[in-house]
Amino acid sequence: MADPWWKSAVLYQIYPRSFADSSGDGVGDLPGISVRLPHLVELGVDALWLSPVYPSPMADFGYDVSDFVAIDPQFGTLSDFDALVHEAHARGLKVLIDLVANHTSERHPWFIESRSSRRNEKRDWYIWRAPGPGGGPPNNWLSEFGGPAWQFDATTGQFYYHAFLAAQPDLNWRNENVRAAMHAVMRFWLRRGVDGFRVDAIWHLLKDAQFRDDPQNPDYSPDDRPHRRVVARYSSDQPDVHEVIRGLRGVIDEFPERLLIGETYLPVERLVSYYGRELSGLHMPFNFGLLQTPWRAREIARLIDRYEAALPNGAWPNWVLGNHDRPRVASRVGPRQARIAAMLLLTLRGTPTLYYGDEIGMPQMAIAPECLQDPFEKNVPGLGFGRDGCRTPMQWDASPNAGFSCAPPWLPLADDYASHNVACQRGDAASLYNLYRRLIAVRRTHPAIAIGSYQPVETDGNILAFLREHGRERIFVALNFGDESATAALPPGEQGTVLVSAMAGRDGETVRGSVGMGGHDGLVLALL
Ligand code: GLC
């Protein structure tokens, strides 16, 4: 059987509020994305994933859904959505959407019913508990966004559970009707032609049926994420979640060639369990290792080894460098290492996911207090967890508002957008954008990179090196994480030609035995 399309694909995440605004209200929308599809084709990616575009009060900018089978007017209409899917498919691009399965908005009709009375038919669709002793929360579970995960509701005198904002009550996935309703939501979009889902917060779907207290975390420090005060042993990542995920996968498998990805912020040894027994779960649980590991060659090498070792038989890996929740890679590792990061992401074994704007090295923006939007930052100010800085508008060109909108955008633009944008970088052969394009093109023409095996090559210091192999094709990758020159040894007796280099001017060079590399240089070699 042929490999599924997503194994060799490059995925591209779009945060719709910030990609392209066609309506002139300063917020991006679906017709805006349609207009910009040629950019994705030029970059060379295979699929786009849209963060939520469902109707939402926007307490968490779309991750609080009040209707799962419609489009928020701010983003357009269902026919705009259909048009986007149609145009994307016509250009050979797949379309993935976010499925916010763990919770709804407090304004979703299901929750409005559920909170109306203890006897309501939808009461059990959410997680309601009597107050704990003394009238406080039922247990010590904490919200990812700070504070207790329980909200008291005076109408019925009980608490409801919310893993995120109080405005995002968690659904009760132990209830069969909830499962059936969400399966129906999936079929609604699959029939409209979407190619799959990225399931939000999937490791949260089930919580301990006995509601036991989470243990205190002895390693907690005050600059940690606030919910790390406890170890989430009972409030998330429960063993029975895999049966729920198998149900989601069953729906996916009713349709040909669809893809199921899930958001899994877990150590690699845990997240691989989300492939499910005999791979009956997610096709790909997102691997966020690169977002969480210090940017040093030895630490990244250890991460890759751990991940490769943890993968179940036949499970296909994946790698992520950025998303709408974490600081921008270009600021995290610096502009020169951003080139090495691009080379790593696009040459490792596994499906890469790119975050919009990272292809031009968009920076993490410092957001002035009066411009803050993110509810997480507002809940726990000043700890550096704010997500606005990685959600600023796409920098298309030097025109007013960076070609994003004709109106002032909902979040400020980077100060240097006039010189730091897609249009400038397109015309500069040495730009990060053109490096991304070359890497994606080389991936496409070299099965060893796209689907080949992975083998670490022993190195020390700041060099990370590995081999990729498919049939007779062998690719050697060497990346210098440091700012000093270093030498990378090719496997004994080998020679190769440079396919892509991080620094200009080395393409086509032939190297034998070992290769000298400047600081921040990276090489992709075809071994002869
Ligand atoms: C996921 C999303 C994040 C959102 C949260 C709650 O982590 O990526 O943006 O705030 O879920 O839905």
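Here's a quick walk through a small sheet, a buried aspartate and one helix in this predicted model.

Let's start with the sheet. Its 3 strands line up in the order E4-E6-E5, the pairing is antiparallel, and the sheet is open. The edge positions go to E4 (128-129) and E5 (150-153); each has a single partner strand, so one side of each is left without a neighbour in the sheet. E5 and E6 (residues 158-161) run antiparallel and are joined by 4 bridges. If you want one of these pairings to look at, find Asp153, whose bridge partner in E6 is Gln158.

Next comes the loop between E6 and helix H5 (176-191), where you'll find Asp170. Is Asp170 buried or exposed? With a relative accessible area of 0%, Asp170 counts as buried, because the cut-off for that is under 20%. Its side chain makes polar contacts with two other side chains, listed here.

| Side chain | Partner side chain | Polar contact |
|---|---|---|
| Asp170 | Asn102 | 2.9 Å |
| Asp170 | Lys207 | 2.5 Å |

Setting aside neighbours within four places in sequence, Asp170 also has contacts with residues including His103, Trp125, Tyr126 and Ile127. Tyr161, His162 and Ala163 are among its contacts too, again leaving out those sequence neighbours.

Finally, helix H14 covers residues 432-445, which makes 14 residues. From first C-alpha to last, H14 reaches 20 Å, close to the 20 Å expected at 1.5 Å a residue. Which residues of H14 are buried? They are Leu432, Tyr433, Asn434, Leu435, Tyr436, Leu439, Ile440, Val442 and Arg443.

Technical notes:
Residues are numbered from 1 along each chain as its sequence is written. This is a predicted model: local features need pLDDT of at least 70, side-chain atom pairs count only at pLDDT 80 or more; totals for chains, interfaces and linings use all residues. Side-chain values use heavy atoms; hydrogens and water are left out. Two strands pair if DSSP finds at least two bridges between them. Helices (H or I, at least four residues) and strands (E, at least two) are DSSP runs, numbered from the N terminus. Buried means under 20% relative accessible area, exposed over 50%, partly exposed in between (1.4 Å probe, protein chains only). A polar contact is a pair of N or O atoms within 3.5 Å; within protein, one must be able to donate a hydrogen and the other to accept it, and residues adjacent in sequence count only if both atoms are side-chain atoms. Contact means heavy atoms within 4.5 Å. The expected span of a helix is 1.5 Å times one less than its number of residues.
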